[in-house]
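Please open the model in your viewer and keep the selection tool at hand. The stops below say what to select next and what is to be found there.

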Amino acid sequence: MSAKTYTYVDGDRLWSRLMILAEYGKRPDGGVDRQTLTNEEIAARGQIVRWGRELGLTPFTDVAANLFLRLEGTLPDLPPVVVGSHIDSQPTGGKFDGAFGVISGLEAVNAIVSSGKKMRRSIEVVAWTNEEASRFAPGMTGSCVFTNKLSISQAEGIKDAAGISFAAARDLVLAADDRVALRDMGWPIASYVEPHIEQATRLEEAGVPIGIVTGIQGTRRYRVTILGEPAHAGTAEREVRRDAMLATARILTAIDGEAARIPGFKFTAGMVNVKPNAPSVVPQEVLFSLDIRHVDDNAVDEIDAAIYRIVEREKGRCDAIVKEITHAPSVHFDAIVQSKIAACADALGIPHMPVFSAAGHDARQLSYVAPAGMIFIPCRKGISHSPEEWSEPEHLSAATQILAELLVQLASE
Ligand SMILES: [Zn+2]
């Protein structure tokens, strides 16, 4: 332990807890299938609650089934410092996405408890419900309800593919919890920190173990319907056709042309439904998705305006309806939290660099209600949402050591 540090993080204990957690929902190929509010997640919650109780932490939950482990501070009325991520996975998930943030938080708190140092503020380790959206869409249900972006009654009505509601699945989870008290939502948070795997390759390529996340890329998603008229492929003359597919092709090509002028712009049209989808019929109707993303909100706004302009110009003789379904501006994390993460890393002699997150995380929601930040570690080849997901034990340890020092600072304020 260096003279500058207050805590001792046990990298072996961190790794072993992460591997034990990966047993809940383990896939034969080494991956994890632990979708939200399933029996696998119930068992994983039980394990986390047991680990927490061993350390003297008190478990709490709420009507969104978010799970908290509280280390009581000497001034328990002060808003707590919250750290964590999620334990649900994609059906073809890995061992690290989400789980690392929760287990890292637990280990950092373990290190603080072992140090004997008393914190002014309470520290809570959280596992937010349904970050992944694989079972109930949209995702980030727990953090959205907690931060009042989504009402609990809206969340309760969301159904999975089998027709089971979020409310019904949630009730099973809460009933299975072992004496975990139900608490109100939306209480004030002093600061929020989320460790996570990068799910990209910048850290790996740079050979840097720690990314201090500056923000999360904004997204807009649309559904566009082009309405034409069915006609005989052999007899209908070009001048009278209202071909919804050709209009779609012109529109997509033109939007891509606009997007291509902006470096780093991501434009995706991943879903297309054609009616009647018959080889000898002029397409009557096309429904397609648009997904646009960029670090700079102005660039997203620019392409947003271009989409409406291009659809009007290129729809030809068809009618068109553009419906925006998601608008999430870019998030910029709290500058003070970022500089504190950097200072802790510097004190420990751990190299770090700023990175921007192209993927969404619960920290987006928390950033609307509290100073928030994220710590990224590299993951091999950037692979995530896959049994191939892998991060090096020493990177997990490094991030958790930084986290423990950061929590000591934040909880002493
Ligand atoms: Zn995640």
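Axes here are lines fitted to C-alpha atoms, for helices over the stretch in contact, and angles run from 0 to 180 degrees between N-to-C directions. Helices (H or I, at least four residues) and strands (E, at least two) are DSSP runs, numbered from the N terminus. This is a predicted model, in which local features need pLDDT of at least 70 and side-chain atom pairs count only at pLDDT 80 or more, while totals for chains, interfaces and linings use all residues. Residues are numbered from 1 along each chain as its sequence is written, and side-chain values use heavy atoms, with hydrogens and water left out.

Select first helix α1 (residues 11–21) together with helix α12 (residues 393–412), which pack at an angle of about 110° with their axes 9 Å apart. Because angles of 65 to 115 degrees count as roughly perpendicular, that term describes α1 and α12. To see the contact (heavy atoms within 4.5 Å), show G11, L14, W15 and L18 of α1 with P393, L396, S397 and T400 of α12.

Next, select the zinc ion, whose protein donors (N, O and S atoms within 2.8 Å of the metal; 3.2 Å for Na, K and Ca) are H86 (NE2), D97 (OD) and H196 (NE2), lying 2.0 to 2.2 Å from the ion. Since H86 lies in strand β3 (residues 81–86) and H196 in strand β6 (residues 191–197), the pair ties together parts that are 110 residues apart in sequence.

Finally, colour by accessibility, where buried means under 20% relative accessible area, exposed over 50% and partly exposed in between (1.4 Å probe, protein chains only): H86 counts as buried at 0%, and H196 counts as buried at 1%.

Definitions and conventions. Angles under 35 degrees count as roughly parallel, over 145 as roughly antiparallel, 65 to 115 as roughly perpendicular and the rest as oblique.
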